[in-house]
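Reader: I am new to this structure. Could we go through it one feature at a time?

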Amino acid sequence: HSVVVDDGKIVEILPTSEANTKYASVSLENRWMGSNSVLLPGFVNAHTHASMTLLRGIADDKALMPWLQNHVWPAEGKFVGPEFVYDG
């Protein structure tokens with residue numbers, strides 16, 4: 001299969017034979033032949049705990065569940081809001 005990218009966005013994924021016909025007008029300089037390659041998605045971390053760095057060190061010597069239930073979750077309930085997340 002081939003991936004067609006226009007202006008940095010994927011516009012089509014189709015069998016290579018179809019891509020060669022449909023996009024024959026695209027110059028070879030603007031093609032990348034990755035026959036021995038793997039196409040992977042961007043490694044973008046969309047799930048972060050960046051704001052939790054502001055709670056770093058709170059009872060960090062505790063086991064996971066007591067740490068969460070007795071320290072982290074109560075602190076989040078008390079302090080976390082839009083400004084806290086923005087600052088973090």
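Author: What follows goes from the overall fold to single residues. Bear in mind throughout that this is a predicted model.

Reader: How many helices and strands are there, and which pattern do they follow along the sequence?

Author: Begin with the elements and then their order. The protein chain has 3 helices and 2 strands. Along the sequence they come as β-β-α-α-α.

Reader: What is the radius of gyration of the protein chain, and what would a compact globule have?

Author: The idea is to set the chain beside a globule with its number of residues. For 88 residues a compact globule would come out near 12 Å, whereas the protein chain has 24 Å. The extents of the C-alpha trace can be read next to that: about 65 × 30 × 20 Å along the principal axes.

Reader: What share of the residues counts as buried?

Author: A residue is called buried when its relative accessible area is under 20%. In the protein chain, 12% of the 88 residues meet this. The exposed surface comes to about 7600 Å², with 57% of it supplied by carbon and sulfur atoms.

Reader: What share of the contacts joins residues 24 or more positions apart?

Author: Take the contacts with a separation of 6 or more as the whole. Of these, 26% are between residues 24 or more positions apart.

Reader: How many salt bridges does a search of the whole structure find?

Author: Here one looks for oppositely charged side chains with a nitrogen within 4 Å of a carboxyl oxygen. The search finds 1 salt bridge. Its partners are Lys-22 and Glu-12, whose closest N and O atoms are 3.0 Å apart. Lys-22 belongs to helix α1 (residues 16-22) and Glu-12 to strand β2 (residues 9-14), so the bridge ties together parts 10 residues apart in sequence. Glu-12 is partly exposed, at 21% relative accessible area.

Reader: Where are the 6 positive and 10 negative charges on average, relative to each other?

Author: Compare the mean position of each set. In the protein chain these two mean positions are 4 Å apart.

Reader: Which residue other than glycine has a positive phi near 50°?

Author: For this, check the sign of the backbone angle and the residue type. Ala-59 has such a phi. Ala-59 sits in the loop between α1 and α2 (64-79), and counts as buried at 17% relative accessibility. Asp-7, also not a glycine, has a positive phi of about 55°.

Reader: Is Asp-7 buried or exposed, and where is it found?

Author: Asp-7 is exposed, at 74% relative accessibility. Its place is the loop between β1 (2-6) and β2. From Asp-7 to Lys-62 the C-alpha distance is 50 Å, with their positions 55 residues apart in sequence.

Key: Residues numbered from 1 in each chain as written. Predicted model: local features only at pLDDT ≥ 70, side-chain atom pairs only at ≥ 80, totals over all residues. Heavy atoms only, no water. Helix = DSSP H or I, 4+ residues; strand = E, 2+ residues; numbered from the N terminus. Rg over C-alpha atoms; globule rule 2.2 N^0.38 Å. Buried < 20%, exposed > 50% of the residue type's maximum accessible area, 1.4 Å probe, protein only. Contact = heavy atoms within 4.5 Å. Areas by Shrake-Rupley, 256 points an atom, 1.4 Å probe, with all protein chains shown as cover. Lys, Arg positive; Asp, Glu negative; His and termini not counted. Charge placed at Lys NZ, Arg CZ, Asp CG, Glu CD.
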